[in-house]
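Reader: I spend my days at the bench and would like to learn how to read a structure. Could you walk me through a few features?

Author: Gladly; let us look together.

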Amino acid sequence: LLKYVKTVKVVPIYGGQSIDRQIKILKFGVQIVIATPGRLIDHINRGTLNLENVKMVVLDEADEMLDYGFLPDIKAILANVTGKHQTLLFSATMSKAVSDVAKQFQNDPVRIMLGNSNQPTETVRQSYLTTAEQHKSGAVRSLLKQEQPRLALIFCNTRRRVKYLQKQLSEQGVPVSCLHGDLSQSQRNEIMATFRNGKTSVLVATDVAARGIDVNNIDLVINYNI
């Protein structure tokens, strides 16, 4: 978002990238650090990132972060932000875990609600199909054949199920790729490029790995696991 604002330096910090490159960028000084919890803690422990002068902390996808066990990491990071600062939590749902973090790390927080709760997008037609577990992959294949989507996105809740479904669809001649936590950043980039340009019309992804995906012209979204 700040690519063309030359006066503000931003660095992304995540596990799939060379830490030496990140250290080199940090040494020159940056205004904004966007990071995954694990790699951020790595830099804190190495002494390559000092959070004492941080003026604003944003925890994005707070509910998902806490659901997937990042709470100890989040607490460890926030404990290192010792100067006067503002803390913002962005969350689709306000779970007890998110509320507890707010109580611990925010002073007199203000809750801001945006949009209508659980209102479906008017341009999306929603339906559900009840089927036995052993028939799910066949049901997905039937839906794909019936709908003939330009691009289809399928969500599973574990990488094991993602790999299983990809194998099942691939064996039936469906051009499919998958996205999960075992992939490197370069592999993710390549998979997303082939999906965007339509070389693979179906992408099967874990809920977490797929967060932040921005692809136009998706005709069909299937939640394989609710």
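Author: Let us begin with burial: a residue counts as buried when its relative accessible area is under 20%, exposed when that value is over 50%, and partly exposed in between. Keep in mind that this is a predicted model. Cys178, with a relative accessible area of 9%, is therefore buried.

Reader: Which disulfides does a search of the whole structure find?

Author: First the general idea: a disulfide is a covalent bond between the sulfur atoms of two cysteines. In this model, the search finds zero of them.

Reader: Why does Cys178 have no such bond?

Author: The closest cysteine sulfur to that of Cys178 belongs to Cys156, and at 9.7 Å it is too far for a bond. To count, the two sulfur atoms would have to be within 2.5 Å. Seen from the other side, the closest cysteine sulfur to Cys156 is that of Cys178, again 9.7 Å away. Cys156 is buried too, because its relative accessibility is 0%.

Reader: What touches Asn225?

Author: For contacts, we look for heavy atoms within 4.5 Å. Leaving out residues up to four places away in sequence, Asn225 touches Lys136, Phe155, Cys156, Asn157 and Arg161. So Cys156 turns up again, as one of the contacts of Asn225. The side chain of Asn225 also reaches the backbone nitrogen of Asn157, at 3.1 Å. Asn225 itself lies in the segment after strand E8, which spans 220–223.

Reader: Is Asn225 buried or exposed?

Author: Asn225 counts as buried, because its relative accessibility is 9%.

Reader: How do I read residues that are apart along the chain, such as Asp63 and Met94?

Author: Compare their places in the sequence with the separation of their C-alpha atoms. Asp63 and Met94 are 31 residues apart along the chain, and their C-alpha atoms are separated by 7.1 Å. Asp63 is part of helix H3, residues 62–67. Beyond residues up to four places away in sequence, Asp63 touches Ser91, Ala92, Thr93 and Val98. Its relative accessibility of 6% is why Asp63 counts as buried.

Reader: And which residues form the nonpolar patch on the surface?

Author: The patch consists of Leu1, Leu2, Val5, Val10, Ile32 and Ile34, and together they have about 560 Å² of accessible area. Take Val5, which sits in the segment before strand E1 (10–13). Val5 counts as partly exposed because its relative accessibility is 32%. Patch members need over 30% relative accessible area.

Methods
Residues numbered from 1 in each chain as written. Predicted model: local features only at pLDDT ≥ 70, side-chain atom pairs only at ≥ 80, totals over all residues. Heavy atoms only, no water. Patch = residues over 30% accessible without salt bridge, like charges linked within 9 Å, V, L, I, M, F, W, Y side chains within 5 Å. Areas by Shrake-Rupley, 256 points an atom, 1.4 Å probe, with all protein chains shown as cover. Salt bridge = Lys/Arg side-chain N within 4 Å of Asp/Glu carboxyl O. Helix = DSSP H or I, 4+ residues; strand = E, 2+ residues; numbered from the N terminus. Buried < 20%, exposed > 50% of the residue type's maximum accessible area, 1.4 Å probe, protein only. Polar contact = N/O pair within 3.5 Å; in protein donor to acceptor, adjacent residues only side chain to side chain.
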